[in-house]
Amino acid sequence: MVNLTIDNRQVTAPKTATIYEAAEMNGIKIPILCHDKKLKPFGACRMCLVEVEQMKGRQIPACTTPVTEGMIIHTATPDIIKARKMVLELLLLNHPIDCPVCDKGGDCDLQNLTYDYQVNGNRFTDEKFHHQIDYNNPLIERDMNRCILCGKCARICDEIVSFGALTFIDRGIETKIGCEFDGALNCEFCGSCVSVCPVGSLLARPFKFKARFWSLTKQKTVCGYCGTGCNLTLGVKDNKVLTTIYDQEQGFHKGQLCVRGRFGYQFINSEKRLTKPMLRKNGTLVAVGWDEALDFVVGKLKGGNVAALSTARLTNEEFVLFKKVMELSGSKDFDHSAGYAHSALTEGFARSFGTTASPATIPDIQKSNFLLVIKSDAYETHPVAGFEINMAVKNKGVVLNILSDKHGKLGKLPGAKTLLHVPGSEIALVNALSKVILDGKKAAGIASSVVGYSQLEQSLSDCSVEAVAATCGVSVNDIIELANDYSAAEKALIVFPVGLAYPGHNAELASAIANLAILAGKIGSEGSGVLCMSEKNNSQGAVDMGFYPSQDGKNAQQILDGCASGTVKTLFIAGENPVVSYPDRTKTAAALDKVDCLIVSELFLSETAAMADVVLPACSFAEKEGTFTAADRRVQHIKPAIRKIGLSRSDFEIFGVLISRLGGEVPVSSATVFSEIASNTSGYAGMSYAALGESGAFAPVDIKPAFVDVKAPGQTRQAGKLALLTGSSLYHCGTMSQYGEGPMHVCPEGYLEISRKDAANNKISENDLLTVTSASGSVQLKARITPRMSEGVVFTPYHFSSASVNQAWNGTEVTWVTLNK
Amino acid sequence: MNPITPIINGLKITLSHLFKKPVTLQYPDERPNVAQRYRGLHALNVSHNKAKCVACYLCPTVCPAKCITVEAGEDANHDKYAEKYEIDMLRCIFCGYCVEACPVDAIRMTGQFELANFSREDFVFTKERLLEKK
Ligand code: SF4
Ligand code: SF4
Ligand code: SF4
Ligand code: SF4
Ligand code: SF4
């Protein structure tokens with residue numbers, strides 16, 4: 001800490017702080033245009049000029065000057081104010097000053113400073129800029145006439161997003177921000193640049209002219225898409241969510257969002273939302289009142305042989321109530337996420353760590369020295385967690401290794417090393433890593449005292465690294481090097497995403513990974529551990545609330561089998577769309593067709609809802625109160641931003657009525673249900689809505705490590721066929737993002753990624769419509785030729801109803817397919 | 001003072017008025033002379049054959065009666081214009097703040113004061129009705 005004097009106040013600041021940061025920490029405001037907390041100092045705008053007595057009263061930029069002991073700083077002398085006024089005059093010289101039609105008005109740093117410093121005229125005269133405005137992009141409008149060249153957009157896109165779409169182009173007075181060769185913007189559309197732009201040069205096009213900043217009600221909430229659990233602020237007017245608002249103080253990610261969170265909010269007020277309950281009469285769904293619909297549902301629930309499937313997007317409170325509904329209906333058969341998407345936690349971690357949660361958190365990423373990302377690219381599945389990885393690697397020099405069956409964005413980071421393996425061989429590879437550690441006597445001291453150590457030793461004794469290397473397509477040296485680097489790192493973290501369509505991210509892989517981490521002793525301390533990132537915003541919550549079958553209950557696949565065979569008479573599906581997202585569409589649809597009564601509560605008339613006997617219109621996350629638990633067990637409180645759409649009711653209310661009709665105890669409010677959760681869920685003790693506040697709280701994870709013997713599955717390779725991998729696209733999450741305009745602008749339909757070599761061999765060119773045929777069926781997808789796939793491997797995202805991949809994909813780790821034009 | 005004096009004084013004033021020009025008008029036969037700065041019904045100024053209003057939302061923001069509804073739209077040149085501009089005259093208090101707030105001189109107040117009507121809907125002046133009549 002150093003001591004210094006700012007504006008006659010004695011203050012202290014850390015040695016690494018700049019004058020600007022020191023002032024900010026002590027509540028002294030220095031005006032600035034080119035600064036953002038997350039970015040490195042740049043010194044472009046010249047607004048933050050201050051005087052330092054030791055520097056003979058020269059005016060120096062506060063944002064790039066580090067503090068030194070005994071500095072005496074003045075931030076607002078008449079000279080400085082004069083200088084700042086001139087800076088503003090110069091900025092406004094070529095600026096269009098079209099505030100009345102500029103969407104930034106009211107939230108514009110330049111406008112605010114001009115007002116604060118009372119710059120009413122301009123001593124200088126010059127022509128205004130005449131840069132062409134980019135109106136064509138569906139998500140980001142670029143008007144470089146308003147740009148003040150602060151460089152924030154280019155810096156955030158490079159430093160945090162690591163895409164590098166924007167940069168300064170041209171020189172001198174002609175300098176502007178643009179894309180390569182001044183072309184169109186074709187990037188990830190995370191909107192980070194829009195969020196940091198201090199003026200109206202970069203604007204969110206979906207929000208264009210919709211409302212003024214000051215007329216929006218700002219409601220803080222949590223993103224309803226993926227398990228990263230980003231905090232976001234919704235801008236609401238007239239009961240409509242019109243935009244998302246940037247708040248650089250929000251969450252661990254300091255307001256950063258991905259394209260789904262920032263531009264995918266339109267599903268909330270979508271025209272397609274269901275507004276009335278519907279009951280099937282004479283073969284068609286007709287609108288009915290809630291009483292009639294619920295009478296019907298209660299009748300069916302009382303009839304017995306009930307089972308339930310749920311989405312992982314309900315709140316924790318709703319999961320508790322849903323379980324109660326099932327209990328009162330006398331059923332133990334309930335599950336979510338097809339039954340296997342959570343098995344890494346509920347089976348894998350349960351036996352390896354004695355708990356169903358990850359012994360690491362997202363903030364650990366930046367505190368680690370060594371990251372190992374396994375299988376799916378964590379950036380594509382959880383983009384904002386991906387930003388953390390970017391920053392860890394680029395700013396902190398964290399070593400990044402990736403073990404995957406395809407290249408991903410993370411592999412492009414400086415120094416990142418990707419070990420590409422044959423699809424389906426990841427468990428063998430992870431076991432080989434453990435084997436190298438064992439053989440090299442690099443195992444942590446405590447490992448030998450962990451339960452199951454000798455069994456592991458024994459089971460790995462017949463594992464030959466050479467043999468694994470040969471079948472996995474990875475060199476022996478690479479395996480040995482990775483294992484040695486991992487065990488030698490002081491702090492090492494394994495990141496591994498799981499989800500509905502990421503087959504192979506299962507309990508076996510989870511246990512193999514856990515073995516590796518326990519063996520190397522990389523667990524239980526800050527910056528080390530295993531982070532299993534579950535897919536949806538409340539996947540971890542669904543697991544924590546126990547919304548999966550106990551020993552004597554049926555899991556999702558058994559429930560569907562039961563529907564097909566007639567043992568399940570009534571199936572209650574809340575928010576899930578199995579027809580599109582569960583493996584094997586034909587089988588799933590046949591089962592749903594067969595079941596006597598299908599009850600669906602949904603936001604939209606999804607493919608599944610369209611088959612239902614009764615459809616209950618439910619509420620989105622923006623209309624309800626409750627808690628979500630993020631992938632790293634951050635429990636966060638959400639509050640309604642808008643009133644309920646139409647006659648829709650939250651699942652909380654629906655389950656509440658059902659509980660009372662079934663003779664149970666009616667829940668008073670979600671707060672009381674949460675206090676019940678706090679009293680009986682491990683890790684949630686002491687939590688309450690008030691205690692969670694805006695930032696939420698981590699539910700601590702207690703681990704009891706144990707080694708579990710995991711056998712690698714045999715190779716299933718089929719000659720002459722390609723390995724089909726499924727997973728998440730960067731722009732989508734689950735099937736809900738189909739109703740978000742932003743994601744659909746960027747990525748409107750399914751596609752098949754294929755290597756150049758395979759494309760050439762099969763004479764396939766870009767955008768050719770391919771028929772992908774597997775043993776279980778076929779689907780038509782457009783070809784996308786990319787360098788990221790290796791020969792013999794193709795990839796497709798699973799989100800789209802229009803070309804639902806589960807027609808060909810049946811849930812096995814690797815689906816072997818043939819391609820036809 | 002003599003109690004009769006004030007009464008006499010009062011009657012004198014009354015009497016003097018009998019010989020002055022009356023203040024009242026025989027409305028509607030006689031029309032008042034409306035002052036230039038009178039704040040009557042609003043008009044939207046027109047220039048280049050379209051309303052000058054750029055839908056900046058400053059008038060609905062400043063309006064103390066919250067009776068102005070503006071909805072912005074994007075025209076073919078990607079410019080902002082008022083797709084909807086409505087004033088609910090039943091709520092307007094004729095304060096003139098809207099005129100003062102407008103940065104582009106798009107709205108003014110006319111001398112028209114006869115705003116009586118038969119139904120509530122008729123008091124909502126749409127953009128069409130507000131556009132200045134040439
Ligand atoms: S960027 Fe700011 S100052 Fe410039 S026109 Fe827009 S609101 Fe006005
Ligand atoms: S939207 Fe994201 S990826 Fe695209 S230019 Fe902006 S910061 Fe870069
Ligand atoms: S576009 Fe915005 S963020 Fe980028 S340099 Fe210009 S003013 Fe700064
Ligand atoms: S989708 Fe995930 S990463 Fe993106 S903003 Fe939402 S929670 Fe964050
Ligand atoms: S005159 Fe006053 S009350 Fe009437 S519309 Fe204008 S601002 Fe509103």
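**Figure 1. The interface of chain A and chain B in a predicted model.** Chain A and chain B bury about 1000 Å² between them. Of this area, 63% lies on carbon and sulfur atoms. Buried area is the accessible area (1.4 Å probe) that two parts lose on being put together, summed over both. In chain A, Pro100(A), Phe209(A) and Trp214(A) lose the most area to chain B, together 50% of what that side buries. The contact (heavy atoms within 4.5 Å) draws 11 residues from chain A and 14 residues from chain B. The rule finds 2 salt bridges across this interface. One salt bridge joins the side chains of Arg205(A) and Glu74(B), at 3.0 Å from N to O. A salt bridge here is a side-chain nitrogen of Lys or Arg within 4 Å of a carboxyl oxygen of Asp or Glu.

In this predicted model, local features need pLDDT of at least 70 and side-chain atom pairs count only at pLDDT 80 or more, while totals for chains, interfaces and linings use all residues. Residues are numbered from 1 along each chain as its sequence is written, chains are lettered from A and ligands numbered from 1 in the order in which they are written, and side-chain values use heavy atoms, with hydrogens and water left out.

**Figure 2. The surroundings of ligand 3.** The shell around ligand 3 holds 14 residues. A residue belongs if one of its heavy atoms lies within 4 Å of the ligand. The closest are Cys147(A), Cys150(A), Gly151(A), Cys153(A) and Cys197(A). By class, the shell has 11 nonpolar, 2 polar and 1 charged residues. Ala, Val, Leu, Ile, Met, Phe, Trp, Tyr, Cys and Pro count as nonpolar; Asp, Glu, Lys and Arg count as charged; the others, Gly among them, count as polar.

**Figure 3. The surroundings of ligand 4.** Among the residues around ligand 4 are Cys223(A), Cys226(A), Cys230(A) and Cys258(A). Arg260(A), Pro383(A) and Val384(A) are also included. Two helices, α6 (259–263) and α12 (383–396) of chain A, each supply at least two residues of this shell. Helices (H or I, at least four residues) and strands (E, at least two) are DSSP runs, numbered from the N terminus. The shell divides into 8 nonpolar, 3 polar and 1 charged residues.

**Figure 4. An annotated segment of chain A, residues 216–272.** UniProt lists these residues as "domain: 4Fe-4S Mo/W bis-MGD-type" in an unreviewed entry. UniProt positions follow the numbering used here, feature names are shortened, and annotations may be inferred rather than shown by experiment. The segment 216–272 is 9% helix and 33% strand. Its end C-alpha atoms are 24 Å apart. Asn239(A) sits in the loop between β11 (231–237) and β12 (240–245) of chain A. Asn239(A) is not a glycine, yet has a positive phi of about 60°. Most residues other than glycine have a negative phi.

**Figure 5. A second annotated segment of chain A, residues 79–118.** The unreviewed UniProt entry names this stretch "domain: 4Fe-4S His(Cys)3-ligated-type". Residues 79–118 are 57% helix and 0% strand. The end C-alpha atoms lie 15 Å apart.

**Figure 6. Ligand 5 and annotated cysteines of chain B.** Ligand 5 has 14 residues around it. Cys63(B), Cys92(B), Cys95(B), Gly96(B) and Cys98(B) come nearest. The shell divides into 12 nonpolar, 2 polar and no charged residues. The unreviewed UniProt entry marks Cys63(B), Cys92(B), Cys95(B) and Cys98(B) as "binding site". They span 36 residues in sequence, yet no two of their C-alpha atoms are more than 10.5 Å apart, so they gather at one spot. Cys63(B) falls in the loop between α2 (58–62) and β4 (68–74) of chain B.

**Figure 7. Another cysteine group in chain B.** The UniProt annotation "binding site" (unreviewed entry) also covers Cys53(B), Cys56(B), Cys59(B) and Cys102(B). These four span 50 residues in sequence, yet no two of their C-alpha atoms are more than 10.4 Å apart, so they gather at one spot. Cys53(B) lies in the loop between β3 (50–51) and α2 of chain B.
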